[in-house]
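These are my notebook entries on one protein chain. I set down what I looked up, topic by topic.

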Amino acid sequence: MSNITIFGAGNIGSAVAGIAVKSGTSVQVIDRNPDKAAAAAEGVTGAKFGEAAISGDIVVLALPFPAYDEVLATYADQLAGKTVVDVANPIDFTTFDLALPEGFKSAAEYVAAKLPNSKVVKGFNTTFAATLATGENDGAPTVVQLASDDEDAKKSVAAFIEGAGLKTVDAGALKRAQYLEGYGALQIILGVTEQTPWTGGFKVVK
């Protein structure tokens, strides 16, 4: 089982950290506040952004999309050869439209362009943090949708998710990330407008 590093100790970062710990992996959480990082989930190692070296083979970017550039610039060399999981739904919250740099169809494709020597996987963006944390959505295991051009990387991410009792589905190549991000954006819109609860959201039935 791979070791996992998570950037960000917010709701999604903490939920993914809990999943990783439950699956039996060694988990490092990096945040500007190392105390918050250490409290993300029981059993993780907290570290300070900009000072700590990445220890994981799988690196999860559990951050808002606008925060990505600083991480990619600061840790570009260390991210080479790693499996990098992009969780972002790049939304302009004034309009609720997807907001991406010119020429890119998804946040995942942007990350892949910035990290040509990394294996990028899209994941965790179509589930609310609460259903990741509990591992359940409406009485069934939470399902995480994954997309990547690297099958081995996708399988390694699926392995730790399923090791914690959740389920995964294979959404295909990384170009499918644009659909997952649209899916994630719509779910957030429904949450903001109180048409679906933050403890629920879309459910994939397997």
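**Entry 1: The pocket and its lining**

I began with the largest pocket, in what is a predicted model. Helix H1 (11-22), strand S6 (91-92) and helix H7 (177-192) each give at least two residues to the lining of this pocket. I then asked how many residues line the largest pocket. The lining holds 26 residues, and Ile12, Pro64, Val87, Asn89 and Ile188 are those that lie nearest the centre of the pocket. I sorted the lining by character and found 17 nonpolar residues, eight polar and one charged. The space in the largest pocket comes to about 600 Å³.

**Entry 2: The enclosed space**

I next looked for cavities. Rolling a probe the size of a water molecule over the atoms shows where empty space is left. I counted one cavity of 30 Å³ or more. The volume of the largest cavity is about 70 Å³. Strand S10 (140-141) and strand S11 (143-148) are the elements that contribute two or more residues to the lining of the largest cavity. The residues that line the largest cavity include Thr126, Thr127, Asn137, Tyr183 and Phe202. By character, this lining divides into six nonpolar residues, five polar and one charged.

**Entry 3: The sheet**

I turned to the strands and asked in what order they lie in the sheet. Eight strands form an open sheet in the order S3-S2-S1-S4-S5-S8-S11-S12, and the pairing is mixed. At the edges I found strand S3 (45-48) and strand S12 (167-172), each of which pairs on one side only. On average, neighbouring strands of this sheet are turned by 25° against each other, direction ignored.

I then went through the pairs. Strands of a sheet pair through backbone hydrogen bonds, either parallel or antiparallel.

- Strand S1 (residues 4-7) and strand S2 (residues 27-31) run parallel and are joined by four bridges; Ile6 has Val29 of S2 as its bridge partner.
- S1 also pairs with S4 in the parallel sense, over four bridges; here Ile4 is matched with its bridge partner Ile58 in S4.
- S4 and S5 are parallel, with four bridges between them; Val59 has its bridge partner, Val84, in S5.
- S5 and S8 run parallel and are joined by four bridges; the bridge partner of Thr83 is Lys119 in S8.
- S8 and S11 pair in the antiparallel sense over two bridges; Val121 has Ser148 of S11 as its bridge partner.

**Entry 4: Side chains of S4 and the helices across the sheet**

I asked which way the residues of S4 point. Ile58 and Val60 point one way from S4, Val59 and Leu61 point the other way, and all are buried.

Two helices were looked up against the strands. Helix H3 (residues 68-79) lies across S1, S2, S3, strand S4 (58-61) and strand S5 (83-86), and runs at about 170° to S4. Helix H4 (residues 107-114) lies across S5 and strand S8 (119-122), and runs at about 170° to S8.

**Entry 5: Asn3**

I found Asn3 in the segment before S1. Is Asn3 buried, exposed or partly exposed? Its relative accessible area is 31%, so Asn3 counts as partly exposed, the range between under 20% for buried and over 50% for exposed. Beyond its neighbours within four places in sequence, Asn3 is in contact with Ser26, Ser55, Gly56, Asp57 and Ile58. Asn3 and Ser55 are 52 residues apart along the chain, yet 7.2 Å separates their C-alpha atoms.

**Entry 6: Two positive phi angles**

I looked up which residues other than glycine have a positive phi, and noted two examples. Phe124 is not a glycine, but its phi is positive, about 70°. Phe124 sits in the loop between S8 and helix H5 (129-134). Its relative accessibility is 1%, and therefore Phe124 counts as buried.

Glu194 is another residue other than glycine with a positive phi, near 60°. I located Glu194 in the segment after H7. The relative accessible area of Glu194 is 74%, so Glu194 is exposed.

Terms used: Residues are numbered from 1 along each chain as its sequence is written. This is a predicted model: local features need pLDDT of at least 70, side-chain atom pairs count only at pLDDT 80 or more; totals for chains, interfaces and linings use all residues. Side-chain values use heavy atoms; hydrogens and water are left out. Two strands pair if DSSP finds at least two bridges between them. Axes are lines fitted to C-alpha atoms, for helices over the stretch in contact, and angles run from 0 to 180 degrees between N-to-C directions. Contact means heavy atoms within 4.5 Å. Buried means under 20% relative accessible area, exposed over 50%, partly exposed in between (1.4 Å probe, protein chains only). On a 1 Å grid over the protein atoms alone, a cavity is a set of points where a 1.4 Å probe fits but cannot get out, and a pocket is an open set with protein on both sides within 12 Å along at least five of seven lines; lining residues have an atom within 4 Å of a point. Grid points are joined across faces, edges and corners, and a volume is the space filled by probe spheres set on the points. Ala, Val, Leu, Ile, Met, Phe, Trp, Tyr, Cys and Pro count as nonpolar, Asp, Glu, Lys and Arg as charged, and the others, Gly among them, as polar.
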